[in-house]
Amino acid sequence: MDWESIYQSRVTTADEAIRSVRSGDRLFLTGNCSVPRRILDALVRYAPEVDDVEICQALTVGGSEYVAPELAGHLRVNSLFISKNVREAIQQGRGDFTPVLLSEFPLLFKKKVLPVDVALVHLSPPDAEGYCTYGVESGLTITAAESAKRIIAEINPNMPSMHGDTAVHVSQLDQIIPVDYPLAELSMSVDGSIECVEQIAIHVAGLIPDGACLQVGIGAIPNAILKYLDDKRDLGIHSELFSDGVIDLVERGVINGARKGIHPGKITSGFMIGTHRLYHWAHDNPRIELQRTEYVNNPFTIAQNPRTVAINSAVEVDLTGQVCADSIGPKFYSGVGGQLDFIYGAGLSEGGFPIIALPSCTNLQDGSC
């Protein structure tokens with residue numbers, strides 16, 4: 001059959017598709033701003049009919065209905081990076097946390113450490129040859145989906161079509177749910193309650209040389225630094241993620257990737273987190289290449305770009321110099337993520353170095369430190 005016939009033969013509803021999930025299955029859930037909401041809603045409705053279904057994920061932007069206390073015994077999240085919507089469930093013992101370097105995240109599925117029965121994904125519409133892309137969340141999803149026994153896919157005209165290693169043919173999809181809704185947004189804007197963010201950003205920007213290849217981690221401080229790089233030349237991006245902050249620098253020619261060692265001229269990343277402005281700008285943009293996270297975050301890949309500067313934040317640093325970025329006291333807060341991947345990779349890069357940027361005190365509710 002031609003691809004259009006294959007596509008039509010696999011179209012169904014979310015409620016019908018989710019009934020292929022069986023008790024004891026392990027699901028992979030596409031995360032970040034790409035959570036397939038219609039499929040997830042259907043899973044929550046279906047949950048009382050199954051037991052011991054595990055949901056493996058990284059950060060997800062959206063509601064917490066699937067970790068509600070009343071679904072205990074039916075659905076249980078195993079988050080490899082803790083996001084706000086599942087944090088309480090994990091801290092209360094109703095969900096699990098598996099700490100892992102982001103460079104090794106996809107390999108847990110590929111090597112069957114966590115065998116996947118069903119991957120729940122969110123794709124851009126097919127092109128003229130029948131190829132969709134994994135859109136704004138490609139890096140963490142591609143290998144996990146390829147490792148799954150079955151793939152259930154939402155296909156959404158609002159999902160940007162991306163360049164890079166992110167294509168999947170409709171013939172590889174077992175069930176297809178056409179949807180049409182805006183993607184979730186997560187702004188990386190500066191938190192006004194942290195008065196010193198601007199001062200930190202100005203100081204760190206002064207450390208970045210012309211020709212640097214940047215990794216900008218998640219959070220307000222790393223992204224605030226981008227506002228103060230207008231006087232730099234020939235910056236590049238090789239990062240696990242990027243957000244709206246790069247757009248103006250690309251348009252002004254500050255970020256052009258001219259001195260990158262690999263993928264010159266390209267923004268190389270695993271996924272994007274941002275606003276609809278970013279999604280519109282990234283759609284079919286040949287300057288952006290999304291790649292698998294096990295490639296992007298491999299320290300030896302990172303090190304091939306000279307002058308790599310990895311910019312990340314932290315929760316605290318103790319008096320011996322130990323950096324904590326994933327927990328607060330005895331409570332898990334986020335996860336290992338890609339920080340260590342890029343600290344190591346930047347250290348190996350010729351002329352490169354890592355930066356940990358954070359306020360020197362914690363703002364209390366009354367505004368004092």
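1. By about how much of the helix are F105 and F109 separated in α5? In this predicted model, the two residues lie about one helical turn apart, because they are four residues apart in helix α5. Their rings form an edge-to-face pair, with 5.4 Å from centre to centre and 70° between the planes. Both F105 and F109 are buried.

2. F109 also pairs with F28, again edge-to-face, at 5.3 Å between centres and 70° between planes. This contact joins distant parts of the chain: F28 sits in strand β1 (residues 26-29) and F109 in helix α5 (residues 105-110), 81 residues apart. F28 has a relative accessibility of 1% and F109 has 0%. Both fall under the 20% cut-off, so F28 counts as buried and so does F109. Ring pairs thus link F28, F105 and F109 into a cluster. The whole structure has five aromatic pairs.

3. The largest nonpolar core holds 77 residues, and those with the most contacts inside it are L123, I208, L214, F242 and W281. Helix α7 (residues 197-205) gives the largest share of this core, five residues. A second, separate core has 32 residues, including A14, V35, Y46 and L75.

4. F242 deserves its own entry. Leaving out residues up to four places away in sequence, F242 touches I267, S269, F271, M272, I273, L278, W281, I288 and L290. One of these, W281, is also listed with F242 among the residues with the most contacts inside the largest core.

5. Six strands make an open sheet in the order β13-β12-β11-β10-β14-β19, with parallel pairing. At the edges are β13 (288-290) and β19 (353-356), each paired on one side only. From one strand to the next, the twist averages 20°.

6. Within that sheet, β10 (residues 213-216) and β14 (residues 308-312) run parallel and are joined by four bridges. Q215 has A310 in β14 as its bridge partner.

7. S334 belongs to the loop between β18 (331-332) and α13 (339-348). Is this loop residue buried or exposed? S334 counts as buried, because its relative accessibility is 10%, against a cut-off of under 20%. Apart from neighbours within four places in sequence, its contacts are F81, I82, F97, A325 and D326.

8. A charge-over-ring arrangement involves R87 and Y333. R87 lies over the face of Y333, 3.8 Å from the ring centre.

Note on methods: Residues numbered from 1 in each chain as written. Predicted model: local features only at pLDDT ≥ 70, side-chain atom pairs only at ≥ 80, totals over all residues. Heavy atoms only, no water. Core = buried A, V, L, I, M, F, W, Y, C linked by side-chain atoms within 4.5 Å. Buried < 20%, exposed > 50% of the residue type's maximum accessible area, 1.4 Å probe, protein only. Contact = heavy atoms within 4.5 Å. Pairing = 2+ DSSP bridges. Axes fitted to C-alpha atoms, helices over the stretch in contact; angles between N-to-C directions. Phe/Tyr/Trp six-rings, centres within 6.5 Å; stacked < 30°, edge-to-face > 60°. Lys NZ or Arg CZ within 6 Å of the ring centre and 35° of its normal.
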